[in-house]
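User: Hey, can you walk me through this one? I'm new to reading structures, so plain words please.

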Amino acid sequence: MNFAGHYSYWITVFLMIAGLYVVIARGNLIKKLIGLGIFQTSVYLLYIAPGKLIGGTAPIIASGFGTYSNPLPHVLILTAIVVGVATLALGLAIVVRIHEAYGSIEEDEILDRDLTGQEGR
Amino acid sequence: MRSDLVLRVIAKLLIPFVLLFALYVQFHGDFGPGGGFQAGVIIAAAMIFYAIVFGLPAARRMVPDRAVEAMVAAGVLIYAGVGVAGLLLGGNYLDYFVLDRVPAHGQERGIFWVEAGVAVTVSGVMLKIFYMFAGRRSDADDA
Amino acid sequence: MTPDAVVLAAPAIPAAGAVAIALLGARPNLREAATLASAAALFLAVLSLLGPVLDGARPGAVLMEILPGVALAFRVEPLGMLFALVASGLWIVNSVYSIGYMRGNGESHQTRFYVCFALALASTMGIAFSANLLTLFIFYEALTLITYPLVTHHGDYEARRGGRTYLGVLLGTSILLLLPAIAVTWAVAGTLDFVPGGILGRGMSNSAIGGLLALYVFGIGKAALMPFHRWLPAAMVAPTPVSALLHAVAVVKAGVFSVVKVIVYVFGIEEIAGLKSVDWLPFVSGFTIIAASIVALRSDNLKRRLAYSTVSQLSYVVLSVSLLAPLSVMGAALHIVAHAVSKITLFFAAGAIYTASHKTEVSQLDGIGLRMPWTMGAFTVGALSLIGVPPAVGFVSKWFIFQGAAATGQYLVMTVLGASALLNAAYFLPIVYAAFFRTPPQDAGHGEAPLPMVLALLATAALTVGLFFYPDIPLALARQLAGS
Amino acid sequence: MIGEHLPALQVVVPLVAAPLIVLLRSAPLAWLLAVGVSWASLVIAVALLLQVQSGGVISYAIGSWPPPWGIEYRVDALNAYVLVLVGLVASVVAPYARSSVAAELPRERHYLFYCMYMLCLAGLLGIAITGDAFNLFVFLEISSLSTYVLIALGRNRRALLAAYQYLIMGTIGATFYVIGIGLLYLMTGTLNLADMASRLREVHELRPVLAALAFITVGVSLKLALFPLHFWLPNAYACAPSPVTAFLAATATKVSVYVLLRFYFSVFGAAFVFERLPMRGLVLTLSVLAAVTASFVAVFQQDLKRMFAYSSVAQIGYITLGIALVNENGLAGAVVHLFNHGVTKAALFLLVGGIALRTGQVTFERVAGLGRRMPLTSLGIVIAGLSLIGTPGTAGFISKWYLVLGALDRGEWWLAALIVASSLIAVAYVWRFVEAAYLREPAPGVAGSGEAPDGMLVPAWLMVAACVYFGLDTSYSLGGARAAVAVLLGGAP
């Protein structure tokens, strides 16, 4: 197997694992969202990288060009990015309200406050 | 910041051109990089620039919250409306071919309106997000 | 109405009665009238089916298909006819008695009581007339659930605990054992209908048949075969009319009825007679007879003693059907009737004693026969019937069971029957003796129970004796069952 | 003319209703529109089911681009069945929402609720109807995002945390799904499910396909809360506004199960998933664990919503267990349990919502003596609870029956015994409610107001009646499920 030849996959896998790790390991709600963003970004790469042909151009028919990159992954990922942005925005909005309600964005502190029934600021 | 004269003048000068550029990007989307997404974001960027320079209340006077929400909804409705138009003209949902007597023109017509809807919604959403996050802060300050 | 329509009406009448009772909840007299009216209507409806069934007709009705090939369906066969007749007839008597009891003791939630009672009868009719195992199972579970509010009627700690045992054992056995048994039957036979001669065919090995039989007889927890008998004493926290009609007649008889029906119509007597893998059943039921009698002997609480007596008597039915001979099957069917009328008399008496004197223990009954001569007279008749002394109906059924045992040469069973008759005498007769021949304590200032109760218990006592002299109808139905 | 466009209308009608509601902004109008659209979706779904029954699979090309290039909406007996379930629950929840939302949410957010409700409905219907793997992801996210918002609308601040947790888990799940789709796309070059299925047969390089299967399984299992990936569910269900809980419990997880079924049986093929791989043992083990442990946990909950949420996890275990049986009876049990459990849980959560409206919280202390104060609500919970247990004569029995038969068909006696034994645990938690409601005196100081408003009681009781009806007359529920199973086992999607 050609390890170096698959470098885009290595990057993808690295981003995937790193993002997932951040989501799981961090207690800060914002950092979790950042991790989630990295995790999603790896998917963008996973889709787009194979769609590129070396020497290919944008798929607009013009004289002098014979090879085109596959446009479909781009379209898909454009959608996925929009979804990702929406998720991020919603996540942040919820975090803002959590901060207002609990006075903290650290997971352990929030759970602690829920247990003791203590009010936020 | 609000009293910075240079910024205010530059901003007033710049914003029309930003909006114009947005329109260029919007209509160039047919045959080059561009389209509703990008144009919508640029429009929103212009508004956000305005809000940063002149303050949130001023921006809200110009584009009120209600209008922003209406933009979000209207854009989606335009998009869906194109689809329904396809239905009414005898094609499938989102069928652009039937929008004009010449199928190729129908495609262009369809994508034009769809991109317009996208631009409206995207700029609305971007503004809405900005208003929400920025608004919280000033609400908190007022309180 | 055609007989087919009457079959549908049988569960519908008490259900409609329940609605009427609920609506009339604010006016007790009208409410009780509704109970009596629906009881009478039900009895007449069931009675109208008797003629056709005796002539060999099997009226039935199909409602809707629940599973492909299995419908919610009713079909009247002799055993179901007998059971329905007993339950609906005794409901009238019991309603009269209930009115006296509930008012005499000032019980709360009376509307709920009568509603649930009517619904319980509706479920009983459904069981009696069910045409297949699934219909039987549906109404069997419905009966369990609808009697739960009756068992926990008082709502206190005792009632909750009794209710848990009641529900735990009955639901537990039916879901854990009966449901898989039905599923296996379906998988093997491809049908769940009750067919004379059985439906299993040759699809199972002998040992598997033995296992399936075990799933059925233990899964039908209402038959109170040991070790799944605990719910019956637990159910005694209920008001006495509930113990009388439901836990001496409807519910427990639904259990043994189901066992008989499964053995006759699912397994088929001829099919499994002589199989080594099913000959454990007489031992289990024989053990239950003796063990429950001994427990009854040692119980001071009157209702508890009656409950264990019921456990023991129910196993008579299972025992006699497990002999797998036509005569013993007749005996089983007859004992369902005999035990019903006798035991309801005994419970009526226990309730009357409680209402009049608030006494619950056997040791408190010294000399009570002098104050309540009618009640204790009826009690004596019921006790003698269960011991098997003529002229009471208990003698008839025991006679057939004995003959069945003799015909199949089951000497162990004959020994069990003899021993249990002695045990029955040992736990009933001291009560009678104490009631009539011991000197009463001086402080007891009470007379007979309220009139409706006395009337009810005299009626059932008369029935106990009457059926000895005129056993034609039950006998004819039992003969059809055994011959079919 | 409308008949041939029903597949598109199924999704478009609620999708268009959402922005319309934002434009309307008025709560009563929004509610009216939501009810109308929900009912319309049900009508469309039923019409589609009838069309499928008479004319076979319906294929609808969006934008007239023929599949496999364009997006295809593809309706067969399986997803028509799911569509009807979603439509049915939506059209019962929508009328119910009026009173409930009026009590639980501030007035200026009402239209937002209905907008999100419509989006969620559109998303769920879209997942079920689309025949395109990536389109499915988009609808998955539409429904998920609106669900997060709906949960965050809950009264308690814990709702925010529950929504956040669900957002993280849901996004991870959806991203896993998309990774799996990406790998399949790399191997087959198509996103159309039917096309993908046929091209997969020719793929010889198995490793990416295995990875795709793993990613899709984990991703979808997160969404359907398969044990042990269920931790988001109890919080989300317990904190969300009552109509949301009812709607989600009855539909969201069910639609995810549909996705799993679609991929296992139609795309990868049952033979590949269950015979060449040890998936059967895995799914079976997890399902049994879910059914047993979640039921046990449910017994010890203090809050009714939480209790029924854990019960949902257990019931999902039954559904996946039916899938793992991979035979006709087992699958019929799984598919019919989708429907029956959906109806049962909708009834339960709608009724519990009524209690929440009257007593604020739905802890066992608060429901003590409820049988007197809210007789109809209590009775309804008991009947629906019986269906949850699987008492004969209720819908739940039908599914249990087929699961047991499926286990017996495989000769797995112990499994049949486990299925019936675990339903006994359901008796324990349902009976906790019965004892509290009927056999305990109300705690002092609990508000003694009466029944829930009719607007809530009537829809809830409709569902209760459905629990009984579908236990007695199974020609629709079971007939549909068996047709769906025929599709699954027939191979072609």
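User: Let's start somewhere specific. What comes right after H15(D)?
Analyst: Gly390(D) follows that helix, and its phi is positive, near 100°. Before going on, know that this is a predicted model, where local features need pLDDT of at least 70, side-chain atom pairs count only at pLDDT 80 or more, and totals for chains, interfaces and linings use all residues. Residues are numbered from 1 along each chain as its sequence is written, while chains are lettered from A and ligands numbered from 1 in the order in which they are written.

User: Okay, and what does "H15" stand for?
Analyst: It's a helix label: helices (H or I, at least four residues) and strands (E, at least two) are DSSP runs, numbered from the N terminus. H15(D) covers residues 375–389 of chain D, 15 residues in total. From first C-alpha to last it reaches 21 Å, close to the 21 Å expected at 1.5 Å a residue. That expected span is 1.5 Å times one less than the number of residues.

User: Is H15(D) mostly covered or mostly uncovered?
Analyst: Mostly covered, with 12 of its 15 residues buried. Buried means that 20 or more other C-beta atoms lie within 10 Å of the residue's own; 12 or fewer is exposed, in between is partly exposed, and C-beta atoms are placed from the backbone. Among the buried ones are Thr377(D), Ile381(D), Ala384(D) and Leu388(D).

User: Switching to strands. What does E1(D) pair with?
Analyst: E1(D), residues 58–61, pairs with E2(D) in the antiparallel sense over 4 bridges. To count as a pair, two strands need at least two bridges found by DSSP. In this pairing, Ile58(D) stands opposite Val75(D).

User: And which way do the residues of E2(D) point?
Analyst: Glu72(D) and Arg74(D) point one way, Tyr73(D) and Val75(D) the other, and all are buried.

User: Now chain A. What's it built from?
Analyst: Chain A has 4 helices and 0 strands, so to speak an α-α-α-α run from the N terminus on. Its C-alpha atoms fill a box of roughly 70 × 35 × 15 Å along the principal axes.

User: How does its radius of gyration look next to a compact globule?
Analyst: Chain A has 20 Å, but a compact globule of 121 residues would have one near 14 Å. The radius is taken over C-alpha atoms, and the globule rule is 2.2 Å times the number of residues to the power 0.38. As for burial, 24% of the 121 residues of chain A count as buried.

User: Which two chains share the most contacts?
Analyst: Chains A and D, among the 4 pairs of chains that touch. Contact here means that the C-beta atoms of two residues, placed from the backbone, lie within 7 Å. Between these chains, 26 residues of chain A are in contact with 22 residues of chain D. The largest share of chain A's side, 14 residues, comes from H3(A). By class that side divides into 19 nonpolar, 4 polar and 3 charged. Ala, Val, Leu, Ile, Met, Phe, Trp, Tyr, Cys and Pro count as nonpolar, Asp, Glu, Lys and Arg as charged, and the others, Gly among them, as polar.

User: What about chains C and D?
Analyst: There, 25 residues of chain C are in contact with 22 residues of chain D. H6(C) gives the most to chain C's side, with 12 residues.

User: How far apart are chains A and C?
Analyst: No contact joins them, and their closest C-alpha atoms lie 33 Å apart. Chains B and C do not touch either, with their nearest C-alpha atoms 40 Å apart.
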